[in-house]
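Subject: A structure for you to look at

Dear colleague,

I am handing over the structure we talked about, and below it you will find a description of what turned up in it. Please keep the model open while you read, so that you can look for each residue as it is named.

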Amino acid sequence: MKYVVLVLIFIFQFPQAKAETIYQWTDPWGQIQYSRTPVPGSMVSDLTELPVQQATTEQQKQEAMVKKLQQMRQDNFRHAQNEAEKQASKMKVMKDRNRCEALQNMTMEMQTAYLRQFSMPGLLWMPGYVIYPPVNLTREMRYYRCK
């Protein structure tokens, strides 16, 4: 019984060895690196021991730079496409607004022309007396969702 108590005291007396945290990060050449100290942009790795580091060759550096340049070109191309789509969308909205405004102006002009042509004294003040625009204009106004 004494030995069991002594063994338990001995086990709890010494602090347990903690596994050091290993950080994983990518160097400027695109190679995955590991270290025990945190580096900006690093994350905690699942490894328990540091792997043997291999020196990066010039060919690997050049390949990594080519990959980075290709990625940057693709990103620039995507960005330019998105900007062109946004610009085209804005132009379409502006064109539709201008068309709506023109349709509304044409409708008002037609109504005033009909009122001048077909008006009779006292008819304008009758309830429910409204002159509607031609069907083609109303269809076009609905198509452009004019208000």
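**What was found**

Leaving aside the residues within four places of it in sequence, Gln-53 is in contact with Gln-33 and Tyr-34. Please bear in mind that this is a predicted model, and that every value in this message was computed from it. Gln-53 sits in the loop between strand 3 (43–44) and helix 2, and with a relative accessibility of 55% it counts as exposed, because the cut-off for that word is over 50%. Although Gln-53 and Tyr-34 are 19 residues apart along the chain, their C-alpha atoms are separated by 8.0 Å.

Its partner Gln-33 belongs to strand 2, which covers residues 32–35. Is Gln-33 buried or exposed? Its relative accessible area is 12%, and because anything under 20% counts as buried, Gln-33 is a buried residue. Not counting residues up to four places away in sequence, Gln-33 touches Tyr-23, Gln-24, Trp-25 and Asp-27, and also Gln-53 and Thr-56.

Gln-33 and Gln-53 also appear together in the lining of the largest pocket, which has a volume of about 190 Å³. Among the other lining residues are Gln-31, Ile-32, Tyr-34, Pro-51, Val-52 and Gln-60. Which element gives the largest share of this lining? That share, three residues, comes from strand 2. When the lining is sorted by class, five residues are nonpolar and six are polar, while no charged residue takes part.

A second place to look at is the largest nonpolar core, which is made of five residues, namely Cys-100, Leu-103, Leu-137, Met-141 and Cys-146. Helix 2 (58–118) and helix 3 (135–143) each supply at least two residues of this core. In soluble globular proteins, nonpolar side chains tend to be buried together.

Within that core, Met-141 is in contact with Leu-103, Gln-104, Thr-107 and Cys-146, if its neighbours within four places in sequence are left aside. Cys-146 is found in the segment after helix 3, and it is buried because its relative accessible area of 17% falls under 20%. With residues up to four places away in sequence not counted, Cys-146 touches Cys-100, Leu-103, Gln-104 and Met-141. Cys-146 and Arg-97 are 49 residues apart in sequence, and the distance between them in space is 7.9 Å from C-alpha to C-alpha.

Finally, here is the chain as a whole. The secondary structure comes to three helices and three strands, and from the N terminus on these elements run α-β-β-β-α-α. Of the 147 residues in the protein chain, 11% are buried. The accessible surface of the chain comes to about 13400 Å², and 59% of that surface belongs to carbon and sulfur atoms. Among the contacts with a separation of 6 or more, 38% are between residues 24 or more positions apart.

With best wishes

Conventions. Residues are numbered from 1 along each chain as its sequence is written. This is a predicted model: local features need pLDDT of at least 70, side-chain atom pairs count only at pLDDT 80 or more; totals for chains, interfaces and linings use all residues. Side-chain values use heavy atoms; hydrogens and water are left out. A nonpolar core is a set of buried Ala, Val, Leu, Ile, Met, Phe, Trp, Tyr and Cys residues joined through side-chain atoms within 4.5 Å. Buried means under 20% relative accessible area, exposed over 50%, partly exposed in between (1.4 Å probe, protein chains only). Helices (H or I, at least four residues) and strands (E, at least two) are DSSP runs, numbered from the N terminus. Contact means heavy atoms within 4.5 Å. Accessible areas come from the Shrake-Rupley method with a 1.4 Å probe; for residues, only the protein chains shown count as cover. On a 1 Å grid over the protein atoms alone, a cavity is a set of points where a 1.4 Å probe fits but cannot get out, and a pocket is an open set with protein on both sides within 12 Å along at least five of seven lines; lining residues have an atom within 4 Å of a point. Grid points are joined across faces, edges and corners, and a volume is the space filled by probe spheres set on the points. Ala, Val, Leu, Ile, Met, Phe, Trp, Tyr, Cys and Pro count as nonpolar, Asp, Glu, Lys and Arg as charged, and the others, Gly among them, as polar.
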